[in-house]
Structures are given as structure tokens and as C-alpha cells.
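Please load the model in your viewer, colour the chain by secondary structure, and keep a selection panel open beside it. The tour proceeds from sheets to helix pairs and then to single residues.

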Amino acid sequence: MNTSVRPVPDCVAQQKQWQALRDEAERIKAIPLAILCDEDLHRSTRYQIEDVGITLNYARQRVDHHTMDLLLNLAKTMQLPAAIDHFLRGGIVNSSERQPALHCDARAAYLSPDNPQSDFVRMDAMAKAIHNGEWLGYSGKPMEAIVHIGIGGSVLGVQLVVSALSDYHQSAVQVFFVSNVDYGDLASTLAQLNPQTTLFVVVSKSFTTAETQLNARSAREWLVSAAGRQASAEHIARHFIAVTAQPSIAASFDIAEENILPMGKEIGGRYSLWSAASLSAAVAVGMDHFRQFLQGAHMMDCHFHRTPLSENLPVILGLLSIWQSNFCDAHTQLILPYDYRLRYFPVYIQQVIMESNGKSVRHDGTLVPHTTAPAVWGEQGTNGQHSFHQWLHQGHVQAAIDFIVTLRDGYDQLEHRSAMVANCLAQSQCLMRGLNHDNVMALLHTQNKSKEECERLAPHLVAAGDRPSNLLVVERLTPNILGALAALYEHRVFVESVLWDINAFDQWGVEHGKHIARDIEKALQGSAAPCDAISRSVVERYRKQFSE
């Protein structure tokens, strides 16, 4: 472990930079975005970066060269280049738990032909055995389905990979995901499956996560009930694999030692997809494609480490996020992938951003004097256009928006793909340009409406425009590109955390609720566990339901 000390920024210099950016925001807000774009014939190329198969065009952001210089100066003042180097060389970045964050090291090590990690070799062997029909259940039949059980980071990234790389599936083994502690989630999944041919992959870094443990126990009960006397405990064990940083706890769950894959303690839960937790994805897409996915992420790591700040994809994306959130009053982040395969990308990134940077204290424990992570949400295009885009175009509150579009998919249906690309570009353009009163009146006149009717309707059609967005373009959604895209947003989160001087790698805020839930669960089951008056009233109603 690299125990070197993280770079500590100059707080006084930081305050001066933030004030300069506040002043800059007042200046540039007075210039309409359409004018910024129309008066600079080279703006589209001037504010565009392309590397690792991803193009980021931020020409529709409320920035000019002076704004970008100030943002880059803030990055330098906060010693961002040194912080990136410290992070990627394995330095301690999780200050509260005194740990490095080694998910980048893990994906690089998995790719090493000279010294592959032993757990990756085992994962490779398991994936191939399942894929090739060599992994047999209690009745001697090969596996036809995997149920991946976890919650949060133990599920979201893997589900993204399985869904996004559907064009690359190599196996007839179907992959299902169960995360919700509501039994309906598990029951609806099990109803589709044959217990003789179902394999459960239980993913939990601590292997004490209450929701995951409960779902795993229920899955085991279902399997034992179905197997009856046909199967011994040893045979049942063939239906369970665990991925965890606590193998001894997994073993106490009666999972065979040879079926336990380790997860590094320095790999945070929300980065689990870069560990053996992605076994289900590796089975679905095949190990060669999974390595390509890792390779794409590693290429983005190298780009992040070596590229100057002004041409660095994660750095520019992070700076623009800071600019919009802290200086341009956009306190929500909207991610709009115009590709059905990326439908789980917004929810994956939601966790990465909000669990990482949803903090209000600096590394030293003092309060951050401004807002940090925005609320993150999203939907696949074009669905969002028929639900919340009305709010985007004519509502009072602005959002920071990332449009993501792929130019080609795996289908020979150009009409559909052209419609997706056209809608993506149209929405970004309309948000920037809007529709003013004169344009609306001209439009209504072409519809042969009277002057009075035009005047009556015009206010309802006017859209203010002047709403910025980023546009990310990829040609094809390959395993390599998906890995790069995921790593791009991960590193964007790190950039933001450095500029806010917060710890992006702990998540203490989620722990207290877990402890309270355990107490209330005891009360629901009849003990005198303490809970407040409001909770107690519901507990009493719950207990009454089962006492009648």
C-alpha cells in the first residue's frame, strides 16, 4: 500500500479562485448561449475533446476561453494533477478509513499477461465452466440461469454490463438480478426458473449486508425445498457462489470454499464491477469481451493520468459539473443516453456520484461552504421526451444535462437509429436556442390562426432556451467503449471530490439507518426494541395484522 500523504490545497488561494468564478458567472450569464455559439465559427471544434473512442462536445455550455482558464486555474490551485497521480499510484485517498482506492489497479492487474491475479484466474475458470455447461447442479444438469444477488454497488454495475453488452452475449445462460429485500423481487424471479439448473451468485463485500443475506437465505430455502431428498448439502452447495472480502463469513453460510471468490478490501462497493463480482457478466458476454471491457476502462485510466488538464475528458467533465452546480444554479444532473442498451447507465452513475460525493464536510472534518454532489437522475431517450422534457424546456429550474448518443447499433434498422440520433441532437439544440415570442407568432400565423388567437397562445409556446448541455458521442457501444465510458464518469467524480476537498471513497451516511432498521425489525417481531412514536404506531399496526 502506498502510504504517501495526499496533496493538501491552499485554502486561501482556493477562496480567491471561487470568488473569481462567481464574478465570471455574473459576466457570462448576460450572454445568451445562442450568441456564444453563433459568433464563434470554430466553437464546435474548439470545445471538443476526443479520445479512447469517446467524443465530448461542450460547445453548448455557458463558457468561453476566459471561463475555462479560470476553471483550469481552480484545478491547479487544488493540486488536481498531483491528486490524480496520488490516487492512481495507490496513495491513501479514503482519509476517514485510511485506505487507498484500488479499483483501477485491479482492472490493470486483471489484464496483465505476465502476472494475472489468482482470483481472476479462478473467475475465468468458473465463467468458462458455467458457459461450457460443465458446472452441474444437484441433478447432474448444467446451469441454465444465474441469479445475481446483491444490492447497490454489488448489483448496479454488473447489471449495466450485462444489459449494455447484450449484442455480445456468448452464453445461453440467462442472468437475473435480485436486490430488493421485498420478497416480490425474488419470488417473481424464481417463478421463471428451474431449481435444478439455477446458480446463485451472492455478492457482498462484507457478507453481512442484511438485504443480501435475507435474499440468499430465501433462495437457499427455495432450492432445498425443491431438491427434497434428491440432494445432499454438498450437492446444494454447487448452486451457490459467493464474492466477498470476508470469505470466512461466506463459508459459515455453507458456501464451499472453492466457490468463494475474493473481493479486495480496497475496492469500494460501488466499484465492485471491477472485481470478481462481475462473474455473472463474464458468463454472459464471455471472458474475451469482459477483458475488452476492462481494457477500455484501463485506457481511460491512462488518459486520465497522462493527458494535460485542458484535453482531459474526466477533468473537463468534472470542471463543467462544478461550474454548473456551484456557479450556474443547476443542482440536478440529468443523464440521457439515447441508446436502449444504456438504460441502466443513469442509475449506475447515480450511485457512483451521490454515494461518493454526497458529503458536507472536507477531509479535515470542517464544513464545505458550498453545495457538493447534485441530485442525479436520468432516462433513456426518447422516453424522457414524453415525460419530463416539458420541465426541461419550460420549467423554472435548470438541470445539468449530459446527452449520450451512439451512432450505430447492432441492428440493420437505420430508420430507428436515425430517429434516435435526430431526437438527441434536436433536444440539445432546442434547449439551447429555445423559441421566442416572434418565432412563436410566425409559427402560429402559418397555421392560419387569427391575430387574437396567436396572441393568446403565444405565451404557452415560448421556451426560454439558454439551457446548456454536454454531448457525448460514440460510434458503437463495444465492450471497450462501455468500459471507457464507465471509467470516464468514475474519474469525473474524483475530480469533483478534489475540487470540493471531500472524501469520495467512504459512505458513513448510510450506516446509521441500517442500525435503526435492525432495532425496528426486532420490534416488529415482538421485542421491546426502542423506536420513536411515529415508527411505534406503524409497528403496532403491523403486529396487529399478524395477531388476528
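What follows is a sequence of selections, each with a description of what is found there.

**Before selecting**

The model is predicted, so local features are described where pLDDT is at least 70 and side-chain atom pairs count only at pLDDT 80 or more, whereas totals for chains, interfaces and linings use all residues. Residues are numbered from 1 along each chain as its sequence is written, and side-chain values use heavy atoms, with hydrogens and water left out. Element names refer to DSSP runs numbered from the N terminus, with helices being H or I runs of at least four residues and strands being E runs of at least two.

**Stop 1: the six-stranded sheet**

Select β1, β2, β13, β12, β10 and β11, which in that order make up an open sheet of six strands with mixed pairing; two strands pair here if DSSP finds at least two bridges between them. At the edges are β1 (48–51) and β11 (375–378), each of which pairs on one side only. Averaged over neighbouring strands, and with direction ignored, the turn from one to another in this sheet is 15 degrees; axes are lines fitted to C-alpha atoms, for helices over the stretch in contact, and angles run from 0 to 180 degrees between N-to-C directions.

Within the sheet, select residues 332–338 (β10) and 400–406 (β12), two strands that run parallel and are joined by six bridges. Which residue of β12 is the bridge partner of L334? The partner is I401. Now add helix α21 (residues 479–500), which packs on the sheet and touches β2 (54–57), β10, β12 and β13 (470–474), its direction making about 45 degrees with that of β2; contact means heavy atoms within 4.5 Å.

**Stop 2: α21 against α5**

Keep α21 and add helix α5 (residues 80–88): the two axes come within 10 Å and cross at roughly 125 degrees. The helices are therefore oblique to each other, a label for angles outside three other ranges, namely under 35 degrees (roughly parallel), over 145 (roughly antiparallel) and 65 to 115 (roughly perpendicular). The crossing of α5 and α21 is right-handed, that is, the near helix is turned clockwise from the far one by less than a right angle, an anticlockwise turn being left-handed. To show the contact, select L80, A83, I84, F87 and L88 of α5 together with H491, F494, V495 and V498 of α21. These residues comprise eight nonpolar, one polar and no charged, where Ala, Val, Leu, Ile, Met, Phe, Trp, Tyr, Cys and Pro count as nonpolar, Asp, Glu, Lys and Arg as charged, and the others, Gly among them, as polar.

**Stop 3: the five-stranded sheet**

Move to β6, β5, β7, β8 and β9, which in that order form an open sheet with parallel pairing. Its edge strands, each pairing on one side only, are β6 (174–178) and β9 (260–262), and the twist from one strand to the next averages 20 degrees. Strand β5 (residues 145–149) runs parallel to β6 and is joined to it by five bridges, with V178 in β6 as the bridge partner of I149. Helix α9 (residues 183–190) packs on this sheet, where it touches β5, β6 and β7, and its direction makes about 165 degrees with that of β6.

**Stop 4: two further helix pairs**

Select helix α8 (residues 156–164) and helix α16 (residues 345–357), which pack with axes 9 Å apart at an angle of about 155 degrees, so that α8 is roughly antiparallel to α16. The crossing is left-handed, and the contact involves L156, G157 and L160 of α8 with F345, V347, Y348 and Q351 of α16, a group of five nonpolar, two polar and no charged residues.

Next, take helix α1 (residues 11–28) and helix α15 (residues 313–327), whose axes come within 11 Å and cross at roughly 75 degrees, which makes α1 roughly perpendicular to α15. Here W18, L21, R22, E24, A25 and I28 in α1 meet I322, W323, N326 and F327 in α15, and the contact divides into seven nonpolar, one polar and two charged residues.

**Stop 5: single residues**

The structure holds 20 salt bridges, each defined as a side-chain nitrogen of Lys or Arg within 4 Å of a carboxyl oxygen of Asp or Glu. Select R433 and D38 for one of them, in which the closest N and O atoms are 2.7 Å apart; R433 belongs to helix α18 (residues 414–433) and D38 to helix α2 (residues 33–38), so the pair links parts of the chain 395 residues apart.

Finally, inspect the backbone at G381 and T382, whose peptide bond is cis with omega near 5 degrees, and F207, a residue other than glycine with a positive phi near 55 degrees, in the loop between β7 (198–203) and α10 (210–227).
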